[in-house]
Amino acid sequence: MTVHLVEVVGLVAAVALPLWNIPLILRITRRKSSGDLSLWWTFGVLGCLVLMLPAGLSSPDPVFRVFTVANIILFSAVAVQVVRYR
């Protein structure tokens, strides 16, 4: 039962962690500026997420798969906003 609880908590955290990108997206939109975010940093993070995508999708670990998908979707939205307001 403990293993199941650990997996459930991990799954909730895997979904919750990428949600912290939403305030960043809203801040960029509200300020109509992404000047405090470097393009190098933005595309560095996005590039790493894209390179991790095949491993995440092929993993037998459901927590890693969910985290990978949620993170790539929400951080891609951050990257779009950064480019949009540059």
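Helices here are DSSP runs of at least four residues, numbered from the N terminus. With that in hand, the layout of this predicted model is quick to tell: going from the N terminus, the chain reads α-α-α-α. That makes four helices and zero strands. The C-alpha trace stretches over about 50 × 25 × 15 Å along its principal axes.

How do the parts of the chain meet? Counting contacts with a separation of 6 or more, 75% link residues that sit 24 or more positions apart. Of the 86 residues, 28% come out as buried. The surface left open amounts to about 5,700 Å², and 76% of that area is supplied by carbon and sulfur atoms.

Now for the inside. The largest nonpolar core is built from eleven residues, namely I25, I28, L37, L46, L49, I72, F75, V78, A79, V82 and Y85. At least two of these residues come from each of α2, α3 (39-58) and α4 (62-84). It is α4 that gives the largest share, with five residues. One core member, L37, can be followed a little further: beyond its neighbours within four places in sequence, L37 touches L24, I28, T42, V82 and R86. Two of those partners, I28 and V82, are themselves listed in the core.

Helix α4 deserves a look of its own. It counts 23 residues and runs 33 Å from its first C-alpha to its last, close to the 33 Å expected at 1.5 Å a residue. Its buried residues are V63, T68, A70, N71, I72, L74, F75, V78, A79, Q81 and V82. That list takes in polar names such as T68, N71 and Q81 along with nonpolar ones such as I72 and F75. The partners for this buried set are α1, α2 and α3, against which it packs. As background, an α-helix has 3.6 residues a turn, so residues three or four places apart point the same way.

Not every nonpolar side chain is tucked away, though. On the surface, V15, L19, I22 and L26 form a nonpolar patch of about 310 Å². Two elements, α1 (2-19) and α2 (21-31), each give two or more residues to this patch. Within the patch, L26 belongs to helix α2. Is L26 buried, partly exposed or exposed? L26 is classed as partly exposed because its relative accessibility is 45%, and that class lies between the buried limit of under 20% and the exposed limit of over 50%. Helix α2 thus has a place in both settings, as it also supplies at least two residues of the core.

Notes: Residues numbered from 1 in each chain as written. Predicted model: local features only at pLDDT ≥ 70, side-chain atom pairs only at ≥ 80, totals over all residues. Heavy atoms only, no water. Patch = residues over 30% accessible without salt bridge, like charges linked within 9 Å, V, L, I, M, F, W, Y side chains within 5 Å. Areas by Shrake-Rupley, 256 points an atom, 1.4 Å probe, with all protein chains shown as cover. Salt bridge = Lys/Arg side-chain N within 4 Å of Asp/Glu carboxyl O. Buried < 20%, exposed > 50% of the residue type's maximum accessible area, 1.4 Å probe, protein only. Core = buried A, V, L, I, M, F, W, Y, C linked by side-chain atoms within 4.5 Å. Contact = heavy atoms within 4.5 Å. Expected span 1.5 Å × (residues − 1).
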